[in-house]
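Visitor: I should like to understand how the labels attached to this model are justified. Please take me through the reasoning behind them.

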Amino acid sequence: MSKSIRLTLAAVLIAFAGMNAKAQKAGLKTNLLYDATATVNLGLELGLAPKWSLDISGNFNNWDIDKQLWKHWMLQPELRYWFCDRFAGHFLGIHAIGGQFNWGRFKHASDFLGMNFSQLTDYRAQGWGVGGGIAYGYTWVLNKHWNFEAEIGVGVIQTWYDLYNCQGCAKKVASDQKHTYYGPTKAALNLVYVF
């Protein structure tokens, strides 16, 4: 397990252990949109104050699907302000994003959201990225322990990557490539268990 993943898990455990169970609430969640793409994901949301919470979500995909490479891991912490009570109704969030990726062998790829995926038909890109954005969401209370949440966010992500020839997948053809992405940075339909 990498050092960054260990540090993130330790921070989450420390924050969770410091909660006062009577005065605070927490929620575990899964993003159904990620589930639909076979991306393993988990979120933890901690109540900080009556109108504030901290959401920390992460996802991991290490699969080759139909010979296409879409491997990545990502962490996305978000500070949320709730208009009414936390874990119910409208909220605004500010989030950060960080992770690594290894993408390639995309069939019939084209430009999408300002990114040229067509070069990933014959090549693969391996690198990392960081960014941030703002989000709006709404949470529906289903019962005492279950909520359903929808959220959309926009922002910027800066990526750095190397490009490899996919025929051998080992020969580097370009180093230190850089791309700045502006657009959607978060989309979620979360099923949440509140305790």
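Visitor: What makes up the nonpolar surface patch of about 950 Å²?

Guide: In this predicted model, the patch is made by Leu28, Leu32, Leu33, Leu42, Trp140, Leu142, Trp146, Leu189, Leu191, Tyr193 and Phe195. Helix 2 (32–36) and strand 11 (172–194) each supply at least two of its residues. The largest share, three residues, comes from strand 11.

Visitor: Why is Trp146 called partly exposed?

Guide: Trp146, a residue of strand 10, has a relative accessible area of 35%. Buried requires under 20% and exposed over 50%. The value of 35% lies in between, and therefore Trp146 is termed partly exposed.

Visitor: Which residues make up the largest nonpolar core?

Guide: The core consists of six residues: Phe101, Trp103, Ala125, Tyr161, Leu163 and Ala174. Strand 6 (89–104) and strand 10 (146–165) are the elements that give two or more residues to this core. Membership in a nonpolar core requires a residue to be buried, so each of these six has under 20% relative accessible area.

Visitor: How confident is the predictor, and which elements have the lowest and the highest mean pLDDT?

Guide: The mean pLDDT of the protein is 84, and 75% of its residues reach 70 or more. Among the elements, helix 1 (residues 3–17) has the lowest mean, 53, and strand 1 (residues 26–31) the highest, 97. Over residues 16–23 the pLDDT is below 50. That stretch nevertheless has nine contacts in the model beyond near neighbours in sequence.

Key
Residues numbered from 1 in each chain as written. Predicted model: local features only at pLDDT ≥ 70, side-chain atom pairs only at ≥ 80, totals over all residues. Heavy atoms only, no water. pLDDT = per-residue confidence, 0-100. Helix = DSSP H or I, 4+ residues; strand = E, 2+ residues; numbered from the N terminus. Contact = heavy atoms within 4.5 Å. Core = buried A, V, L, I, M, F, W, Y, C linked by side-chain atoms within 4.5 Å. Buried < 20%, exposed > 50% of the residue type's maximum accessible area, 1.4 Å probe, protein only. Patch = residues over 30% accessible without salt bridge, like charges linked within 9 Å, V, L, I, M, F, W, Y side chains within 5 Å. Areas by Shrake-Rupley, 256 points an atom, 1.4 Å probe, with all protein chains shown as cover. Salt bridge = Lys/Arg side-chain N within 4 Å of Asp/Glu carboxyl O.
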